[in-house]
Amino acid sequence: MSAPRFEPVTGRYLHLDLLGKPHRLYVEEAGEGVPLLCLHTAGSDGRQFRAILNDPEIAARFRVIAFDLPWHGKSSPPAGWHEALEYRLTSRDYTDIVLGVAQALSLDRPVAMGCSIGGRIVLHLALEHPEVFRAVIGLQAGAHVDPYYDTQWLHRPDVHGEVAAAVVSGLIGPSASDADRWETLWHYMQGGPGIFKGDLHFYKIDGDIRDRLGGIDTARCPVHLLTGEYDYSCTPQDTLDAAARIPGAQATIMPGMGHFPMSEDPEGFLVHLRPVLSQILAPEGDPR
């Protein structure tokens with residue numbers, strides 16, 4: 001048996017105003033250097049980035065930060081949430097949340113890395129706020145996804161939890177170990193009522209950015225896209241199509257991986273991520 005040990009990760013609660021209301025967000029971080037702000041997938045939380053937070057090579061050059069969106073993980077909804085008609089994530093609200101967290105943490109030109117809905121929002125950030133971000137990394141990032149199932153039934157007491165995990169289980173690639181596969185699904189089993197459905201409003205409807213991709217200036221904010229070959233939600237072709245519309249964007253298709261590369265195959269994903277992070281630092285040199 002292995003000896004007890006602590007991971008080099010710090011978890012804290014950040015109090016800040018978002019979308020006109022006080023919030024209490026759970027934030028984990030590790031490392032020093034250029035801020036790397038990690039954005040989780042729909043219906044899950046920041047635990048997906050455990051491998052990046054624990055990687056000593058990345059932590060030597062980057063301050064890795066992963067936070068749970070409001071309503072997700074350890075970030076509770078704002079007071080009065082029970083009076084709201086429905087949780088629904090929009091492009092504007094999502095952008096304001098990310099910018100609000102970056103400002104509250106006094107991040108100097110962070111790198112924004114997100115997966116799925118996070119991979120979509122980083123494209124919005126590169127387009128609308130290139131002066132704020134040093135670069136963006138989109139994991140499973142496409143400009144749009146055509147709905148391939150009806151999401152209306154997702155907000156039901158007999159569906160929450162295990163069925164949400166079942167919906168995404170087929171998106172995990174064959175390179176995932178049993179332990180990593182089931183940990184990824186466990187995060188979905190713990191999602192709050194209606195949260196997965198509300199996130200998919202952004203992913204499938206409100207976040208469509210197809211007609212605006214050409215406006216992204218990669219000279220101001222470089223764009224790197226990494227997508228698993230076994231993803232049928234954001235397919236490799238979806239990512240390549242998005243990259244083709246963004247002059248200067250770089251795209252890599254990762255063999256054996258699916259929709260959750262950072263949690264389903266952590267070590268395999270790091271092999272692809274580390275060179276991208278080194279490339280982002282290269283123009284300015286290692287800050288350390």
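Biologist: In what order do the eight strands form the open sheet?

Modeller: This is a predicted model, in which local features need pLDDT (the predictor's confidence in each residue, from 0 to 100) of at least 70 and side-chain atom pairs count only at 80 or more, while totals for chains, interfaces and linings use all residues. Residues are numbered from 1 along each chain as its sequence is written, and side-chain values rest on heavy atoms, with hydrogens and water left out. Helices (H or I, at least four residues) and strands (E, at least two) are DSSP runs numbered from the N terminus, and two strands pair if DSSP finds at least two bridges between them. On that basis the pairing is mixed, and the order is S1-S2-S4-S3-S5-S6-S7-S8.

Biologist: Which strands stand at the edges?

Modeller: A strand at the edge of this sheet has a single partner strand, so one of its sides is left without a neighbour there. The strands in question are S1 (10–18) and S8 (250–254).

Biologist: Which residue in S7 is the bridge partner of Val136?

Modeller: Strand S6 (residues 135–139) and strand S7 (residues 223–228) run parallel and are joined by four bridges. Across this pairing, the partner of Val136 in S7 is Val223.

Biologist: At about what angle does helix H4 run to S5?

Modeller: Axes are lines fitted to C-alpha atoms, for helices over the stretch in contact (heavy atoms within 4.5 Å), and angles run from 0 to 180 degrees between N-to-C directions. Helix H4 (residues 117–128) lies across S3 (34–39), S5 (111–115), S6 and S7, and its angle to S5 is about 145°.

Biologist: Which element gives the most to the largest nonpolar core?

Modeller: A nonpolar core is a set of buried Ala, Val, Leu, Ile, Met, Phe, Trp, Tyr and Cys residues joined through side-chain atoms within 4.5 Å, where buried means under 20% relative accessible area with a 1.4 Å probe, protein chains only. The largest holds 60 residues, of which Leu37, Phe67, Tyr94 and Val223 touch the most other members. With seven residues, the element that gives the most to this core is H4.

Biologist: Where is confidence lowest in the protein?

Modeller: The mean pLDDT is 94, and 95% of the residues reach 70 or more. Confidence is highest in S3, at a mean of 99, and lowest, at 85, in helix H5 (residues 162–169).

Biologist: What is the radius of gyration of the protein?

Modeller: The protein has ten helices and eight strands. For its 288 residues the globule rule (2.2 Å times the number of residues to the power 0.38, the radius being taken over C-alpha atoms) gives 19 Å, and the protein is as compact as a globular protein of that length because its radius of gyration is close to that value, at 18 Å.

Key:
Buried means under 20% relative accessible area, exposed over 50%, partly exposed in between (1.4 Å probe, protein chains only).
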